[in-house]
Amino acid sequence: MSDHLHIVLDDTAMVAAGRGNAVASRLIHRAHIEAGWHLYAPACALVEADRARPGTAEHLAALPGVTVLDLDLPTALAIARSGGWADAHTRHAAEPNPERPDGAFVATAEPGRWAGEPVRVLDINP
């Protein structure tokens, strides 16, 4: 078992963080100050969050505890067949890979949208 905690923010969690959600703020703070805590913002979800709440992308990208996951060619090919790019990029980022062998949790303000998906969900609602 890994001693690292990996969390991927979906677009709803990003918007909630921008609106002052306490749980999202704590996740960002912990990722900044604690070794082993990793918080990710998939680029496609970041775009969707910024569309919903302008300024969100720049704000999150500037935070030292948040790693923006680029849309590289392998990722684009993996998510191209999906209907919504934001959810597909988030799901892809949460899947196990060499950097995150156990995968990652998806932090979300809308846990129901992940029902039936092969991801572990972290509900950030208070």
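A pocket is an open set of grid points with protein on both sides within 12 Å along at least five of seven lines, and its lining residues have an atom within 4 Å of a point. With this definition, the structure, which is a predicted model, can be examined step by step.

The largest pocket has a volume of about 220 Å³. Its lining consists of Leu69, Asp70, Asp72, Thr75, His89, His92, Ala93, Glu95, Pro96, Asn97, Glu99 and Arg100. Sorted by character, these lining residues comprise 3 nonpolar, 4 polar and 5 charged. Which helix gives the most to this lining? It is helix 6, spanning residues 85–94, which supplies 3 residues.

One residue of the lining leads on to the aromatic rings. Arg100, which lines the largest pocket, also lies over the face of Tyr40, at 4.5 Å from the ring centre. A second arrangement of this kind involves Arg120, which lies over the face of Phe105 at 4.2 Å from the ring centre. Pairs between aromatic rings are a separate matter. A pair of aromatic rings is described by the distance of the centres and the angle of the planes. When rings are required to have centres within 6.5 Å, the count of aromatic pairs comes to 0.

The next subject is the sheet. Strands of a sheet pair through backbone hydrogen bonds, either parallel or antiparallel. Here, 5 strands form an open sheet in the order 3-2-1-4-5, and their pairing is parallel. Strand 3 (66–69) and strand 5 (120–123) are the edge strands, each pairing on one side only. On average, neighbouring strands of this sheet are turned by 35° against each other, direction ignored.

At one edge, strand 4 (residues 105–108) runs parallel to strand 5 and is joined to it by 4 bridges. Within this pairing, Val106 has Val121 in strand 5 as its bridge partner.

Definitions and conventions
Residues numbered from 1 in each chain as written. Predicted model: local features only at pLDDT ≥ 70, side-chain atom pairs only at ≥ 80, totals over all residues. Heavy atoms only, no water. Phe/Tyr/Trp six-rings, centres within 6.5 Å; stacked < 30°, edge-to-face > 60°. Lys NZ or Arg CZ within 6 Å of the ring centre and 35° of its normal. 1 Å grid on protein atoms, 1.4 Å probe; cavity = no way out; pocket = protein on both sides within 12 Å on 5 of 7 lines; lining within 4 Å. Points joined across faces, edges and corners; volume = space filled by probe spheres on them. Helix = DSSP H or I, 4+ residues; strand = E, 2+ residues; numbered from the N terminus. Nonpolar A, V, L, I, M, F, W, Y, C, P; charged D, E, K, R; others polar. Pairing = 2+ DSSP bridges. Axes fitted to C-alpha atoms, helices over the stretch in contact; angles between N-to-C directions.
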